[in-house]
Amino acid sequence: MSVLVIAEHDNAEIKPATLNAVAAAGELGGDVHLLVAGNGSASAAEAASKISGVAKVLSADSAEYENTLAENVAPLIVDLASGYSHVLAPATSNGKNIMPRVAALLDVMQISDIAAIIDGDTFVRPIYAGNAMATVKSAEAIKVITVRTTGFEAVAADGGAAVIEAVSAKGDQGLSSYVGAELSSSERPELTSASIVISGGRGMQSGDNFPILEAVADKLGAAVGASRAAVDAGFVPNDYQVGQTGKVVAPDLYVAVGISGAIQHLAGMKDSKVIVAINKDEEAPIFQVADYGLVADLFNAVPELSSELDKS
Amino acid sequence: MKVLVPVKRVIDYNVKVRVKADKSGVELANVKMSMNPFDEISVEEAIRLKEAGKVDEIVAVSVGPQQCQETIRTALAMGADRGIHVLHDGDTEPLAVAKMLKALVDKEAPGLVIVGKQAIDDDCNQTGQMLSALLGWSQGTFASKLEVEGDAIHVTREVDGGLQTVQLKMPAVVTSDLRLNEPRYASLPNIMKAKKKPIDQVAPGDLGVDPAPRLETLKVEEPATRDAGQMVEDVAALVEKLRNEAKVI
(Lines give C-alpha, C1' and ligand atoms only; values in the text may rest on other atoms or scores of the structure.)
Protein backbone atom coordinates (compact mmCIF):
# COMPACT_ATOMS: atom_id res chain seq x y z
CA MET A 1 0.00 0.00 0.00
CA SER A 2 1.39 3.40 -0.95
CA VAL A 3 0.01 6.88 -0.67
CA LEU A 4 0.25 9.56 -3.35
CA VAL A 5 0.38 13.19 -2.24
CA ILE A 6 -0.15 16.03 -4.69
CA ALA A 7 2.45 18.72 -3.99
CA GLU A 8 1.49 22.39 -3.82
CA HIS A 9 4.22 24.45 -5.46
CA ASP A 10 4.91 27.45 -7.68
CA ASN A 11 7.32 25.59 -10.02
CA ALA A 12 10.29 26.93 -8.02
CA GLU A 13 9.44 26.06 -4.43
CA ILE A 14 7.28 23.62 -2.52
CA LYS A 15 4.51 25.37 -0.55
CA PRO A 16 4.33 24.61 3.19
CA ALA A 17 0.81 23.10 2.95
CA THR A 18 2.45 20.12 1.21
CA LEU A 19 4.30 19.28 4.43
CA ASN A 20 1.03 18.90 6.36
CA ALA A 21 -0.41 16.64 3.67
CA VAL A 22 2.74 14.49 3.76
CA ALA A 23 2.30 14.26 7.53
CA ALA A 24 -1.26 12.98 7.04
CA ALA A 25 0.00 10.49 4.45
CA GLY A 26 2.61 9.29 6.94
CA GLU A 27 -0.13 8.45 9.44
CA LEU A 28 -1.72 6.11 6.91
CA GLY A 29 1.41 3.95 6.72
CA GLY A 30 3.13 2.64 3.61
CA ASP A 31 5.38 4.50 1.19
CA VAL A 32 4.61 8.15 0.56
CA HIS A 33 5.08 9.37 -3.01
CA LEU A 34 4.84 13.02 -3.97
CA LEU A 35 3.65 14.24 -7.36
CA VAL A 36 5.13 17.51 -8.59
CA ALA A 37 3.21 18.47 -11.73
CA GLY A 38 4.55 21.72 -13.11
CA ASN A 39 6.48 23.40 -15.87
CA GLY A 40 10.20 24.05 -15.45
CA SER A 41 9.62 22.59 -12.02
CA ALA A 42 12.90 20.71 -11.57
CA SER A 43 13.87 22.80 -8.55
CA ALA A 44 10.49 22.16 -6.91
CA ALA A 45 10.93 18.42 -7.54
CA GLU A 46 14.44 18.64 -6.08
CA ALA A 47 13.07 20.36 -2.95
CA ALA A 48 10.30 17.75 -2.77
CA SER A 49 12.86 14.95 -2.72
CA LYS A 50 14.32 16.37 0.51
CA ILE A 51 11.04 16.35 2.41
CA SER A 52 11.17 14.05 5.40
CA GLY A 53 9.23 10.81 4.94
CA VAL A 54 8.88 10.96 1.14
CA ALA A 55 10.10 7.78 -0.60
CA LYS A 56 9.67 8.85 -4.19
CA VAL A 57 8.97 12.05 -6.14
CA LEU A 58 7.05 11.77 -9.38
CA SER A 59 7.93 14.69 -11.60
CA ALA A 60 5.65 15.63 -14.49
CA ASP A 61 7.39 18.62 -16.04
CA SER A 62 5.48 19.95 -19.02
CA ALA A 63 3.95 23.17 -20.36
CA GLU A 64 0.34 22.12 -19.68
CA TYR A 65 1.01 21.93 -15.93
CA GLU A 66 2.42 25.47 -15.68
CA ASN A 67 -0.62 26.86 -13.84
CA THR A 68 -2.00 23.58 -12.46
CA LEU A 69 -5.30 23.88 -14.33
CA ALA A 70 -7.60 21.16 -13.01
CA GLU A 71 -8.65 20.06 -16.51
CA ASN A 72 -5.01 19.20 -17.34
CA VAL A 73 -3.73 17.94 -14.00
CA ALA A 74 -6.69 15.66 -13.14
CA PRO A 75 -6.11 13.13 -15.99
CA LEU A 76 -2.46 12.81 -14.92
CA ILE A 77 -3.44 12.02 -11.33
CA VAL A 78 -6.17 9.62 -12.49
CA ASP A 79 -3.58 7.72 -14.52
CA LEU A 80 -1.25 7.39 -11.55
CA ALA A 81 -3.95 6.71 -8.95
CA SER A 82 -4.43 3.02 -9.69
CA GLY A 83 -1.12 2.25 -7.99
CA TYR A 84 -2.21 3.79 -4.69
CA SER A 85 -4.62 3.16 -1.81
CA HIS A 86 -4.97 6.88 -1.04
CA VAL A 87 -4.46 10.07 -3.03
CA LEU A 88 -4.10 13.18 -0.85
CA ALA A 89 -3.80 16.88 -1.52
CA PRO A 90 -3.75 19.79 0.93
CA ALA A 91 -7.15 21.54 1.08
CA THR A 92 -5.77 24.67 -0.58
CA SER A 93 -7.61 26.42 -3.41
CA ASN A 94 -5.62 24.23 -5.80
CA GLY A 95 -6.37 20.98 -3.99
CA LYS A 96 -10.06 21.84 -3.70
CA ASN A 97 -10.15 22.67 -7.39
CA ILE A 98 -8.43 19.54 -8.69
CA MET A 99 -9.29 16.65 -6.36
CA PRO A 100 -13.07 16.38 -6.87
CA ARG A 101 -12.38 16.25 -10.62
CA VAL A 102 -10.01 13.33 -9.96
CA ALA A 103 -12.53 11.61 -7.67
CA ALA A 104 -15.35 11.84 -10.21
CA LEU A 105 -13.14 10.47 -12.99
CA LEU A 106 -12.25 7.54 -10.71
CA ASP A 107 -15.94 7.19 -9.73
CA VAL A 108 -15.16 7.51 -6.02
CA MET A 109 -16.67 9.79 -3.40
CA GLN A 110 -14.05 12.25 -2.13
CA ILE A 111 -13.48 12.83 1.57
CA SER A 112 -12.99 16.59 1.91
CA ASP A 113 -10.96 18.51 4.43
CA ILE A 114 -10.02 15.75 6.87
CA ALA A 115 -8.87 16.99 10.26
CA ALA A 116 -7.87 13.60 11.72
CA ILE A 117 -7.25 10.02 10.63
CA ILE A 118 -8.74 7.15 12.64
CA ASP A 119 -7.52 4.39 10.31
CA GLY A 120 -7.00 3.84 6.60
CA ASP A 121 -10.77 3.92 5.94
CA THR A 122 -12.02 6.25 8.66
CA PHE A 123 -11.57 9.99 8.92
CA VAL A 124 -12.83 12.95 10.93
CA ARG A 125 -13.93 16.05 9.06
CA PRO A 126 -15.66 19.29 10.02
CA ILE A 127 -19.20 19.93 8.79
CA TYR A 128 -21.53 22.90 9.31
CA ALA A 129 -18.64 25.37 9.35
CA GLY A 130 -16.86 23.40 12.04
CA ASN A 131 -19.86 23.38 14.38
CA ALA A 132 -19.84 19.58 14.22
CA MET A 133 -17.22 16.96 13.50
CA ALA A 134 -18.27 13.93 11.45
CA THR A 135 -16.47 10.59 11.56
CA VAL A 136 -16.88 8.98 8.14
CA LYS A 137 -15.87 5.62 6.75
CA SER A 138 -15.11 4.99 3.10
CA ALA A 139 -15.18 1.65 1.31
CA GLU A 140 -13.80 3.10 -1.93
CA ALA A 141 -10.85 1.20 -3.44
CA ILE A 142 -8.93 4.46 -3.84
CA LYS A 143 -9.54 7.13 -1.24
CA VAL A 144 -9.35 10.63 -2.68
CA ILE A 145 -8.83 13.07 0.17
CA THR A 146 -8.16 16.72 0.81
CA VAL A 147 -6.32 17.48 4.04
CA ARG A 148 -7.09 20.33 6.44
CA THR A 149 -3.52 21.49 6.97
CA THR A 150 -4.07 22.65 10.54
CA GLY A 151 -5.04 19.11 11.56
CA PHE A 152 -1.57 17.70 10.93
CA GLU A 153 1.79 18.92 12.20
CA ALA A 154 4.06 19.64 9.20
CA VAL A 155 6.91 17.23 8.52
CA ALA A 156 10.43 18.62 8.13
CA ALA A 157 11.19 20.12 4.72
CA ASP A 158 14.61 18.48 4.76
CA GLY A 159 16.30 15.30 5.88
CA GLY A 160 14.77 13.11 3.18
CA ALA A 161 16.49 11.63 0.15
CA ALA A 162 13.77 10.47 -2.22
CA VAL A 163 14.42 9.31 -5.75
CA ILE A 164 12.97 11.52 -8.48
CA GLU A 165 11.18 9.68 -11.25
CA ALA A 166 9.94 11.43 -14.38
CA VAL A 167 6.38 10.61 -15.40
CA SER A 168 5.06 11.34 -18.84
CA ALA A 169 2.68 14.23 -19.35
CA LYS A 170 -0.84 13.76 -20.66
CA GLY A 171 -1.04 16.75 -22.95
CA ASP A 172 -3.21 19.84 -22.91
CA GLN A 173 -6.88 18.94 -22.76
CA GLY A 174 -7.75 22.14 -24.61
CA LEU A 175 -10.59 23.05 -22.25
CA SER A 176 -9.18 26.02 -20.40
CA SER A 177 -6.26 28.39 -20.41
CA TYR A 178 -4.57 30.69 -17.95
CA VAL A 179 -5.10 34.40 -18.55
CA GLY A 180 -3.45 36.09 -15.61
CA ALA A 181 -3.28 36.57 -11.88
CA GLU A 182 -3.38 39.41 -9.40
CA LEU A 183 -1.59 38.02 -6.42
CA SER A 184 -1.26 40.07 -3.27
CA SER A 185 2.40 40.79 -2.87
CA SER A 186 3.62 41.11 0.64
CA GLU A 187 6.89 40.88 2.51
CA ARG A 188 4.99 39.28 5.36
CA PRO A 189 4.63 35.52 5.79
CA GLU A 190 1.69 33.69 4.22
CA LEU A 191 -1.41 33.54 6.39
CA THR A 192 -1.69 29.76 6.42
CA SER A 193 1.94 29.13 7.38
CA ALA A 194 2.73 32.11 9.64
CA SER A 195 3.51 31.36 13.27
CA ILE A 196 1.83 34.60 14.34
CA VAL A 197 -1.31 36.09 12.76
CA ILE A 198 -2.92 39.43 13.61
CA SER A 199 -6.41 39.95 12.18
CA GLY A 200 -8.75 42.90 12.06
CA GLY A 201 -12.53 42.89 12.00
CA ARG A 202 -15.39 45.28 11.48
CA GLY A 203 -14.09 47.29 14.45
CA MET A 204 -11.24 48.51 12.26
CA GLN A 205 -13.86 50.79 10.62
CA SER A 206 -11.89 51.25 7.38
CA GLY A 207 -9.15 49.72 5.28
CA ASP A 208 -7.21 52.92 5.96
CA ASN A 209 -6.78 51.78 9.54
CA PHE A 210 -5.13 48.46 8.73
CA PRO A 211 -1.61 50.01 8.72
CA ILE A 212 -1.76 50.13 12.54
CA LEU A 213 -2.11 46.32 12.50
CA GLU A 214 0.61 46.02 9.88
CA ALA A 215 3.00 47.97 12.11
CA VAL A 216 2.48 45.40 14.88
CA ALA A 217 2.67 42.51 12.39
CA ASP A 218 6.04 43.71 11.14
CA LYS A 219 7.43 43.84 14.66
CA LEU A 220 6.26 40.28 15.34
CA GLY A 221 7.03 38.80 11.91
CA ALA A 222 3.30 38.12 11.66
CA ALA A 223 0.86 37.74 8.81
CA VAL A 224 -2.18 40.04 8.60
CA GLY A 225 -5.67 38.58 8.30
CA ALA A 226 -9.25 39.77 8.56
CA SER A 227 -12.72 38.59 9.43
CA ARG A 228 -15.36 38.10 6.77
CA ALA A 229 -17.11 41.24 8.05
CA ALA A 230 -14.00 43.29 7.27
CA VAL A 231 -13.73 41.70 3.82
CA ASP A 232 -17.43 42.17 3.06
CA ALA A 233 -17.14 45.82 4.10
CA GLY A 234 -14.35 46.19 1.53
CA PHE A 235 -11.60 47.05 4.05
CA VAL A 236 -9.19 44.42 2.66
CA PRO A 237 -9.10 41.84 -0.17
CA ASN A 238 -10.75 38.44 0.20
CA ASP A 239 -7.45 36.58 0.44
CA TYR A 240 -7.05 38.12 3.92
CA GLN A 241 -10.15 36.30 5.10
CA VAL A 242 -9.81 33.88 8.02
CA GLY A 243 -12.82 31.69 8.60
CA GLN A 244 -14.89 28.86 7.26
CA THR A 245 -15.36 30.60 3.91
CA GLY A 246 -11.79 31.87 3.88
CA LYS A 247 -8.54 30.44 5.16
CA VAL A 248 -8.14 28.11 8.10
CA VAL A 249 -5.13 28.99 10.25
CA ALA A 250 -3.60 27.55 13.40
CA PRO A 251 -0.60 29.72 14.34
CA ASP A 252 1.21 29.75 17.69
CA LEU A 253 -0.33 33.15 18.37
CA TYR A 254 -3.52 34.61 16.90
CA VAL A 255 -4.41 38.20 17.75
CA ALA A 256 -8.04 39.15 16.96
CA VAL A 257 -8.52 42.90 16.87
CA GLY A 258 -12.01 44.39 16.66
CA ILE A 259 -13.43 40.97 15.78
CA SER A 260 -16.64 39.97 17.55
CA GLY A 261 -16.10 36.26 17.00
CA ALA A 262 -18.84 35.01 14.65
CA ILE A 263 -19.00 31.23 14.43
CA GLN A 264 -17.72 31.29 10.89
CA HIS A 265 -14.61 33.22 11.96
CA LEU A 266 -13.95 30.96 14.95
CA ALA A 267 -14.06 27.96 12.60
CA GLY A 268 -11.01 29.39 10.85
CA MET A 269 -8.79 30.10 13.86
CA LYS A 270 -9.86 28.20 16.95
CA ASP A 271 -7.06 25.63 16.62
CA SER A 272 -4.48 28.38 17.23
CA LYS A 273 -2.25 27.65 20.22
CA VAL A 274 -2.71 31.01 21.94
CA ILE A 275 -5.53 33.41 21.12
CA VAL A 276 -5.56 37.09 22.11
CA ALA A 277 -8.70 39.19 21.69
CA ILE A 278 -8.79 42.98 21.78
CA ASN A 279 -12.32 44.37 21.63
CA LYS A 280 -14.14 47.24 23.28
CA ASP A 281 -17.28 45.15 23.75
CA GLU A 282 -16.75 42.97 26.77
CA GLU A 283 -19.69 40.79 25.73
CA ALA A 284 -18.07 39.86 22.39
CA PRO A 285 -18.10 36.06 21.88
CA ILE A 286 -14.43 36.16 20.86
CA PHE A 287 -13.55 36.44 24.57
CA GLN A 288 -15.04 32.99 25.17
CA VAL A 289 -12.28 31.38 23.12
CA ALA A 290 -9.45 33.79 23.93
CA ASP A 291 -6.59 32.84 26.24
CA TYR A 292 -5.98 36.53 26.90
CA GLY A 293 -8.67 39.13 26.54
CA LEU A 294 -8.29 42.88 26.65
CA VAL A 295 -11.34 45.13 26.74
CA ALA A 296 -10.10 48.31 25.12
CA ASP A 297 -10.56 50.67 22.21
CA LEU A 298 -8.37 49.16 19.50
CA PHE A 299 -7.34 52.59 18.25
CA ASN A 300 -5.58 53.14 21.57
CA ALA A 301 -4.56 49.56 22.32
CA VAL A 302 -2.94 48.63 19.00
CA PRO A 303 -0.53 51.61 18.81
CA GLU A 304 0.24 51.02 22.48
CA LEU A 305 0.94 47.35 21.70
CA SER A 306 3.26 48.46 18.94
CA SER A 307 5.30 50.67 21.24
CA GLU A 308 5.24 48.12 24.06
CA LEU A 309 6.83 45.57 21.72
CA ASP A 310 9.75 47.95 21.21
CA LYS A 311 10.61 47.65 24.89
CA SER A 312 12.60 44.53 25.60
CA MET B 1 -28.12 30.07 -24.14
CA LYS B 2 -29.68 28.08 -21.37
CA VAL B 3 -28.22 28.07 -17.83
CA LEU B 4 -28.73 25.32 -15.29
CA VAL B 5 -28.48 26.32 -11.63
CA PRO B 6 -28.51 23.65 -8.92
CA VAL B 7 -29.96 24.84 -5.60
CA LYS B 8 -29.63 22.95 -2.32
CA ARG B 9 -31.94 23.11 0.66
CA VAL B 10 -29.83 23.47 3.82
CA ILE B 11 -30.15 24.66 7.40
CA ASP B 12 -30.43 28.45 7.32
CA TYR B 13 -27.03 30.05 7.81
CA ASN B 14 -28.25 31.99 10.84
CA VAL B 15 -29.30 28.88 12.75
CA LYS B 16 -27.02 27.63 15.51
CA VAL B 17 -26.42 24.00 14.59
CA ARG B 18 -26.96 21.45 17.36
CA VAL B 19 -25.58 17.93 17.36
CA LYS B 20 -28.13 15.21 18.21
CA ALA B 21 -27.69 13.48 21.55
CA ASP B 22 -27.31 10.07 19.89
CA LYS B 23 -24.50 11.46 17.69
CA SER B 24 -26.28 10.33 14.53
CA GLY B 25 -26.22 13.77 12.96
CA VAL B 26 -27.36 17.32 13.58
CA GLU B 27 -30.86 18.33 14.65
CA LEU B 28 -32.99 19.08 11.58
CA ALA B 29 -36.46 18.88 13.14
CA ASN B 30 -38.20 22.25 13.42
CA VAL B 31 -35.14 24.04 12.14
CA LYS B 32 -35.42 26.84 9.59
CA MET B 33 -34.24 25.70 6.16
CA SER B 34 -33.15 27.98 3.31
CA MET B 35 -31.36 27.94 0.01
CA ASN B 36 -27.61 27.39 0.33
CA PRO B 37 -26.16 30.95 0.26
CA PHE B 38 -23.65 30.12 -2.49
CA ASP B 39 -26.54 28.83 -4.62
CA GLU B 40 -28.41 32.12 -4.17
CA ILE B 41 -25.33 33.80 -5.62
CA SER B 42 -25.45 31.36 -8.57
CA VAL B 43 -29.12 32.12 -9.22
CA GLU B 44 -28.41 35.85 -9.06
CA GLU B 45 -25.53 35.53 -11.52
CA ALA B 46 -27.70 33.60 -13.96
CA ILE B 47 -30.38 36.29 -13.72
CA ARG B 48 -27.83 39.04 -14.37
CA LEU B 49 -26.62 37.16 -17.46
CA LYS B 50 -30.20 36.94 -18.62
CA GLU B 51 -30.75 40.64 -17.98
CA ALA B 52 -27.60 41.33 -20.02
CA GLY B 53 -29.07 39.38 -22.92
CA LYS B 54 -26.52 36.55 -22.78
CA VAL B 55 -28.95 33.95 -21.47
CA ASP B 56 -32.50 33.18 -22.47
CA GLU B 57 -33.58 30.50 -20.01
CA ILE B 58 -32.66 29.66 -16.41
CA VAL B 59 -33.51 26.21 -15.06
CA ALA B 60 -33.23 25.68 -11.30
CA VAL B 61 -32.61 22.10 -10.13
CA SER B 62 -32.81 20.68 -6.64
CA VAL B 63 -32.16 17.16 -5.37
CA GLY B 64 -33.81 16.15 -2.10
CA PRO B 65 -37.10 15.69 -0.27
CA GLN B 66 -40.48 17.17 -1.24
CA GLN B 67 -39.71 20.43 0.61
CA CYS B 68 -36.99 21.20 -1.96
CA GLN B 69 -39.86 22.53 -4.05
CA GLU B 70 -39.80 25.56 -1.72
CA THR B 71 -36.13 26.08 -2.52
CA ILE B 72 -36.88 25.87 -6.24
CA ARG B 73 -39.78 28.33 -5.74
CA THR B 74 -37.33 30.76 -4.15
CA ALA B 75 -35.12 30.54 -7.25
CA LEU B 76 -38.18 31.02 -9.47
CA ALA B 77 -39.24 34.05 -7.42
CA MET B 78 -35.78 35.54 -7.84
CA GLY B 79 -36.08 35.13 -11.61
CA ALA B 80 -35.40 31.56 -12.75
CA ASP B 81 -37.83 30.36 -15.46
CA ARG B 82 -38.62 26.80 -14.47
CA GLY B 83 -37.61 24.09 -12.06
CA ILE B 84 -36.67 20.43 -11.97
CA HIS B 85 -37.00 18.57 -8.70
CA VAL B 86 -35.21 15.24 -8.27
CA LEU B 87 -37.20 13.69 -5.44
CA HIS B 88 -34.96 11.82 -3.04
CA ASP B 89 -35.35 11.24 0.67
CA GLY B 90 -32.16 10.53 2.53
CA ASP B 91 -28.62 11.82 2.35
CA THR B 92 -27.28 13.25 -0.85
CA GLU B 93 -23.60 13.04 -1.68
CA PRO B 94 -21.82 15.23 -4.23
CA LEU B 95 -20.87 12.33 -6.51
CA ALA B 96 -24.47 11.09 -6.83
CA VAL B 97 -25.79 14.63 -7.24
CA ALA B 98 -23.16 15.32 -9.92
CA LYS B 99 -24.32 12.20 -11.77
CA MET B 100 -27.97 13.30 -11.59
CA LEU B 101 -27.01 16.77 -12.82
CA LYS B 102 -25.04 15.23 -15.67
CA ALA B 103 -28.12 13.29 -16.77
CA LEU B 104 -30.14 16.51 -16.69
CA VAL B 105 -27.45 18.41 -18.58
CA ASP B 106 -27.45 15.70 -21.26
CA LYS B 107 -31.19 16.24 -21.63
CA GLU B 108 -31.40 20.03 -21.26
CA ALA B 109 -28.15 20.93 -23.08
CA PRO B 110 -27.34 24.17 -21.22
CA GLY B 111 -24.31 26.21 -22.27
CA LEU B 112 -23.39 26.95 -18.69
CA VAL B 113 -23.98 25.45 -15.25
CA ILE B 114 -23.47 27.75 -12.25
CA VAL B 115 -23.07 25.85 -8.97
CA GLY B 116 -22.40 27.15 -5.46
CA LYS B 117 -18.79 26.45 -4.51
CA GLN B 118 -19.93 24.47 -1.49
CA ALA B 119 -23.01 23.73 0.55
CA ILE B 120 -22.90 25.05 4.09
CA ASP B 121 -24.16 21.76 5.56
CA ASP B 122 -21.65 19.10 4.46
CA ASP B 123 -19.00 21.67 3.38
CA CYS B 124 -17.79 19.23 0.70
CA ASN B 125 -16.89 21.67 -2.09
CA GLN B 126 -17.08 18.94 -4.76
CA THR B 127 -20.27 18.94 -6.84
CA GLY B 128 -19.31 21.50 -9.51
CA GLN B 129 -15.87 20.01 -10.12
CA MET B 130 -17.35 16.49 -10.27
CA LEU B 131 -20.05 17.53 -12.71
CA SER B 132 -17.46 19.20 -14.93
CA ALA B 133 -15.34 16.02 -14.86
CA LEU B 134 -18.28 13.74 -15.72
CA LEU B 135 -19.24 16.01 -18.63
CA GLY B 136 -15.65 16.45 -19.82
CA TRP B 137 -16.21 20.23 -19.64
CA SER B 138 -14.04 23.06 -18.41
CA GLN B 139 -14.40 24.35 -14.85
CA GLY B 140 -14.07 27.78 -13.29
CA THR B 141 -14.20 27.31 -9.54
CA PHE B 142 -14.54 29.92 -6.75
CA ALA B 143 -15.59 32.62 -9.21
CA SER B 144 -15.67 36.26 -8.15
CA LYS B 145 -16.35 37.53 -11.67
CA LEU B 146 -17.46 36.01 -14.94
CA GLU B 147 -17.70 37.41 -18.43
CA VAL B 148 -19.28 35.52 -21.30
CA GLU B 149 -17.76 36.40 -24.67
CA GLY B 150 -19.02 34.33 -27.58
CA ASP B 151 -18.11 30.70 -27.05
CA ALA B 152 -15.63 31.44 -24.28
CA ILE B 153 -15.98 32.63 -20.73
CA HIS B 154 -13.51 34.52 -18.58
CA VAL B 155 -13.66 33.56 -14.93
CA THR B 156 -11.82 35.40 -12.18
CA ARG B 157 -11.16 32.93 -9.38
CA GLU B 158 -10.55 33.48 -5.67
CA VAL B 159 -7.32 31.58 -5.02
CA ASP B 160 -5.12 31.41 -1.92
CA GLY B 161 -2.74 34.17 -2.96
CA GLY B 162 -5.26 36.54 -4.55
CA LEU B 163 -7.11 36.32 -7.86
CA GLN B 164 -6.53 34.20 -10.95
CA THR B 165 -8.26 34.60 -14.31
CA VAL B 166 -8.82 31.67 -16.65
CA GLN B 167 -10.50 31.39 -20.01
CA LEU B 168 -12.87 28.46 -20.37
CA LYS B 169 -14.18 26.86 -23.49
CA MET B 170 -17.98 26.69 -23.46
CA PRO B 171 -19.96 24.78 -22.33
CA ALA B 172 -18.56 25.19 -18.83
CA VAL B 173 -19.23 24.68 -15.14
CA VAL B 174 -18.64 27.68 -12.91
CA THR B 175 -18.76 27.57 -9.10
CA SER B 176 -19.66 30.77 -7.33
CA ASP B 177 -17.77 32.34 -4.45
CA LEU B 178 -19.00 35.01 -2.05
CA ARG B 179 -17.93 38.10 -3.93
CA LEU B 180 -19.48 37.18 -7.29
CA ASN B 181 -22.54 39.32 -6.51
CA GLU B 182 -25.09 40.22 -3.87
CA PRO B 183 -28.28 38.22 -4.41
CA ARG B 184 -31.55 40.14 -4.71
CA TYR B 185 -34.61 39.62 -2.59
CA ALA B 186 -37.66 38.32 -4.39
CA SER B 187 -40.41 40.93 -4.66
CA LEU B 188 -43.97 40.05 -3.68
CA PRO B 189 -45.29 40.19 -7.27
CA ASN B 190 -42.45 37.90 -8.34
CA ILE B 191 -43.22 35.49 -5.50
CA MET B 192 -46.82 35.36 -6.76
CA LYS B 193 -45.67 34.88 -10.36
CA ALA B 194 -43.29 32.10 -9.30
CA LYS B 195 -46.26 30.03 -8.12
CA LYS B 196 -47.32 29.65 -11.73
CA LYS B 197 -43.92 28.67 -13.08
CA PRO B 198 -43.56 24.94 -13.83
CA ILE B 199 -41.59 22.46 -11.72
CA ASP B 200 -41.01 18.99 -13.17
CA GLN B 201 -40.46 16.15 -10.77
CA VAL B 202 -38.26 13.14 -11.54
CA ALA B 203 -36.72 10.29 -9.52
CA PRO B 204 -32.99 9.43 -9.38
CA GLY B 205 -33.90 6.16 -11.11
CA ASP B 206 -35.37 8.10 -14.06
CA LEU B 207 -31.92 9.60 -14.45
CA GLY B 208 -30.20 6.23 -14.15
CA VAL B 209 -28.43 7.15 -10.92
CA ASP B 210 -28.13 5.14 -7.70
CA PRO B 211 -28.32 7.77 -4.95
CA ALA B 212 -27.04 5.49 -2.15
CA PRO B 213 -24.26 7.21 -0.17
CA ARG B 214 -20.75 5.85 -0.57
CA LEU B 215 -19.52 7.24 2.73
CA GLU B 216 -20.86 5.89 5.98
CA THR B 217 -21.20 8.45 8.77
CA LEU B 218 -20.23 6.64 11.97
CA LYS B 219 -20.89 9.56 14.30
CA VAL B 220 -21.28 13.31 14.51
CA GLU B 221 -19.94 15.12 17.55
CA GLU B 222 -19.54 18.58 18.99
CA PRO B 223 -16.11 20.03 18.22
CA ALA B 224 -13.64 20.30 21.06
CA THR B 225 -14.35 23.48 22.97
CA ARG B 226 -11.82 25.99 24.13
CA ASP B 227 -11.97 27.28 27.64
CA ALA B 228 -12.08 31.00 28.07
CA GLY B 229 -8.81 32.28 29.48
CA GLN B 230 -8.06 35.37 31.52
CA MET B 231 -8.77 39.04 31.04
CA VAL B 232 -5.80 41.37 31.26
CA GLU B 233 -5.83 44.93 32.56
CA ASP B 234 -3.84 46.71 29.91
CA VAL B 235 -1.50 46.34 26.96
CA ALA B 236 1.60 46.17 29.15
CA ALA B 237 0.12 43.24 31.08
CA LEU B 238 -0.81 41.54 27.80
CA VAL B 239 2.71 41.80 26.40
CA GLU B 240 4.16 40.59 29.70
CA LYS B 241 1.88 37.50 29.63
CA LEU B 242 2.68 36.73 26.01
CA ARG B 243 6.40 37.01 26.69
CA ASN B 244 6.69 35.23 30.00
CA GLU B 245 3.63 33.03 30.45
CA ALA B 246 2.60 31.89 26.97
CA LYS B 247 6.12 32.46 25.61
CA VAL B 248 4.85 33.07 22.08
CA ILE B 249 6.64 36.36 21.34
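Two residues are in contact if their C-beta atoms, placed from the backbone, lie within 7 Å. Helices (H or I, at least four residues) and strands (E, at least two) are DSSP runs, numbered from the N terminus.

The model is predicted: local features need pLDDT of at least 70, side-chain atom pairs count only at pLDDT 80 or more, and totals for chains, interfaces and linings use all residues. Residues are numbered from 1 along each chain as its sequence is written, while chains are lettered from A and ligands numbered from 1 in the order in which they are written.

**Exercise 1.** Describe how helix α3 (residues 94-108) of chain B and helix α4 (residues 127-135) of chain B pack.

*Solution.* Step 1: the axes, which are lines fitted to C-alpha atoms over the stretch in contact, with angles running from 0 to 180 degrees between N-to-C directions, come within 8 Å and cross at roughly 50°. Step 2: α3(B) is therefore oblique to α4(B); angles under 35 degrees count as roughly parallel, over 145 as roughly antiparallel, 65 to 115 as roughly perpendicular and the rest as oblique. Step 3: the crossing of α3(B) and α4(B) is right-handed, that is, the near helix is turned clockwise from the far one by less than a right angle. Step 4: α3(B) contributes residues including L101(B) and V105(B), and α4(B) contributes residues including M130(B) and L134(B), to the contact.

**Exercise 2.** Analyse the packing of helix α8 (residues 298-310) of chain A against helix α6 (residues 235-244) of chain B.

*Solution.* Step 1: the axes lie 9 Å apart, at an angle of about 50°. Step 2: this makes α8(A) oblique to α6(B). Step 3: A301(A), E304(A), L305(A), E308(A) and L309(A) of α8(A) meet V235(B), A236(B) and V239(B) of α6(B).

**Exercise 3.** Identify the strands that pair with strand β1 of chain A, and state why β1(A) is largely enclosed.

*Solution.* Step 1: two strands pair if DSSP finds at least two bridges between them. Step 2: strand β2 (residues 31-38) of chain A pairs with β1(A) in the parallel sense over five bridges, and V5(A) stands opposite L34(A). Step 3: strand β4 (residues 86-90) of chain A is also a parallel partner of β1(A), over three bridges, with V87(A) as the bridge partner of L4(A). Step 4: β1(A), residues 2-6, is largely enclosed by the rest of the structure because four of its five residues are buried, meaning that 20 or more other C-beta atoms lie within 10 Å of their own (12 or fewer is exposed, in between is partly exposed; C-beta atoms are placed from the backbone).
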